[in-house]
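Open the model in your viewer and keep the selection tool at hand. Each stop below says what to pick and what is there.

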Amino acid sequence: MVSNLEVPLLTQFSKSASTQTTSPSWLDADLRTVWHPYTQMKTAPPPIPVERGEGVYLITPDGRRILDGISSWWVNIHGHGHPRLNAALARQAEKVAQVIFAGFTHEPAATLAQELVSRTTPELTRVFYSDDGSTAVEVALKMAYQGWRNRGETERTLFVAFDGAYHGDTFGTMATGAVEVFHHEFQNLFFEVRHAHGPYCGTHAEAPPHRRCSPSLEEILDQEGERVAAVIVEPMVQGAGGMIIQPPEFLRRIRELTHHHGIPLIADEVFTGFGRTGRFFACEHGPVAPDLLCLSKGLTAGYLPLSATLATDEIYQAFLSEDRGRTFFHGHSFTANALSCAVALESLAIFDSEQVMTRIGRLEALFQERLAGLAKLPCVQGARTLGGLAALDVGGGDGGYLDGRGPWLAEQFLARDILLRPLGNVLYFLPPYAVTDQEAHHVFDAMEEVLSQLS
Ligand SMILES: *Cc1c(COP(=O)(O)O)cnc(C)c1O
């Protein structure tokens, strides 16, 4: 979903042999008829055709193997073409793929809900399914808002989010977002949201220089707490906002303040959930217990679209009534798709039987060691790592999403058969956890080679 908006111009794109791929016949159909996401269709180079996936590799029709260093937009966690996930998908397909989820249910959805509830804090007791990260967040926003209204508190119409936040591309999630380049165009259509400053507020080395300083959450809640429906945060890491890692105290403070004011806290773990930060859920770093928890991306190991919004019993109870008007009138055609739920269950089983969390811990150590080396390069600023994520800022450019270094870097890595897609000047490595040490070292070697060319 998110990447730099500026893709390399065709004329800038290197014509080196290693980036050339012979085109399958269907690529023409793509060029003539497909509109790709986050892509300037006028200037983008033709998309790279992928025929198969195998472990951390994406394989083109002519056999080129590209190392997927960003888990195919942050979703894939156990590798592509995983035999156990494939088998789980095939088994469920033999039974049923999709069932209306109002008035009906099925085993994969029920079992998965129970599994999710058992793996999160005891406060979260209900699971509402939808199909992607944005809808998981929309659901949380709507639950918080209507929850208040159902209890007769109609004054609470304000949401609080953080500077640099990214919560999705639908209107509600855009309103809470604060990535200028993505959201500015639509701002006249947004509902009311206050943005509080993050932990660094423009002074810390890890904050991009253009980051502005809004009032603190404390100030906002002191002034307008009575009007606030919910506070929403990406716990521990702001992903699309530039892979900004927060100290756990920041999250704890947010929870303290929201508790103090009696305001629900929405944890958007669409990106951070399922091990990415080194804990199964990023909230465990606090540890904090949110009132609403949004999950998607890694939920099906990056196989199929599915998301879940977990809610506390208190929020759930606000919707129980003899009055049918208090129902949560929200649902999507593909709510709790049975294929998706079956694959999600198998992914959780893989976490247990293959000690995936231990593997992530070892990856983090490797990342730390290699980033320490990269940090010595003159162009590298603010190298940082957490769990299965390594990120650094490439200095010397103008910073931000439209920094010209992003497309240049992406091109350099692609020429080495490595998929990395910097967010502006933020270069990050976020592989499927199944990446081997050797493959990870190979990517860091390439980073060293490429970044050494910059002053
Ligand atoms: C990706 C992302 C979303 C949106 O998820 P989609 O599946 O792309 O709609 C929401 N919140 C966070 C933190 C994300 O990283």
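Is Glu 192 buried, partly exposed or exposed? Select Glu 192: with 35% relative accessibility, this residue counts as partly exposed. Bear in mind that you are looking at a predicted model.

**Stop 1: the whole chain**

Zoom out. The protein has 14 helices and 16 strands. Its radius of gyration is 22 Å, close to the 23 Å that the globule rule gives for 455 residues, so the protein is as compact as a globular protein of that length. Along the principal axes, the C-alpha atoms fill a box of roughly 70 × 55 × 45 Å.

Switch on the surface. About 19,400 Å² is accessible, and 54% of that belongs to carbon and sulfur atoms. Of the 455 residues, 56% count as buried. Now think about contacts with a separation of 6 or more: residues 24 or more positions apart account for 73% of them.

**Stop 2: the nonpolar cores**

Select Val 231, Met 243, Phe 274, Met 447 and Leu 451. In the largest nonpolar core, which holds 102 residues, these five touch the most other members. Which residues are in contact with Val 231, leaving aside its neighbours within four places in sequence? Show Val 160, Phe 162, Leu 217, Leu 221 and Ile 254, then add Thr 258, Ile 263, Pro 264, Leu 265 and Ile 266. Another core lies apart from this one. That core has 27 residues, including Val 139, Phe 159, Ala 161 and Leu 292.

**Stop 3: a strand covered on both faces**

Select strand β16, residues 426-429. Val 426 and Tyr 428 sit on one side, Leu 427 and Phe 429 on the other. These four residues are all buried, and both faces of the strand are covered. Add strand β14, residues 389-394. β14 and β16 run antiparallel and are joined by four bridges. Find Ala 390: it stands opposite Phe 429 in β16.

**Stop 4: salt bridges**

Side chains of opposite charge can pair when their charged atoms come close. In this model the count comes to 22 salt bridges.

Start with Arg 156 and Glu 153. Their side chains meet in a salt bridge at 3.4 Å, N to O. Arg 156 counts as buried, at 8% relative accessibility, whereas Glu 153 is partly exposed at 35%.

Go back to Glu 192 and add Arg 227. The N to O distance in this salt bridge is 2.5 Å. Arg 227 lies in the loop between α8 (217-224) and β7 (228-233), and Glu 192 in the loop between α7 (180-183) and β6 (193-196), so the pair ties together parts that are 35 residues apart in sequence. Arg 227 is partly exposed, with a relative accessible area of 27%.

Next, select Arg 416 and Glu 449, whose side chains form a salt bridge of 2.8 Å, N to O. Arg 416 is in the loop between α13 (405-414) and β15 (418-419), while Glu 449 is in helix α14 (residues 437-451), so this pair links parts 33 residues apart in sequence. Both residues are partly exposed: Arg 416 has a relative accessible area of 24%, and Glu 449 has 46%.

For the last selection, take Arg 84, Arg 91, Glu 346 and Glu 354. Salt bridges that share partners join these four into one network.

Note on methods. Residues are numbered from 1 along each chain as its sequence is written. This is a predicted model: local features need pLDDT of at least 70, side-chain atom pairs count only at pLDDT 80 or more; totals for chains, interfaces and linings use all residues. Side-chain values use heavy atoms; hydrogens and water are left out. A nonpolar core is a set of buried Ala, Val, Leu, Ile, Met, Phe, Trp, Tyr and Cys residues joined through side-chain atoms within 4.5 Å. Buried means under 20% relative accessible area, exposed over 50%, partly exposed in between (1.4 Å probe, protein chains only). Contact means heavy atoms within 4.5 Å. Helices (H or I, at least four residues) and strands (E, at least two) are DSSP runs, numbered from the N terminus. The radius of gyration is taken over C-alpha atoms; the globule rule is 2.2 Å times the number of residues to the power 0.38. Accessible areas come from the Shrake-Rupley method with a 1.4 Å probe; for residues, only the protein chains shown count as cover. Two strands pair if DSSP finds at least two bridges between them.
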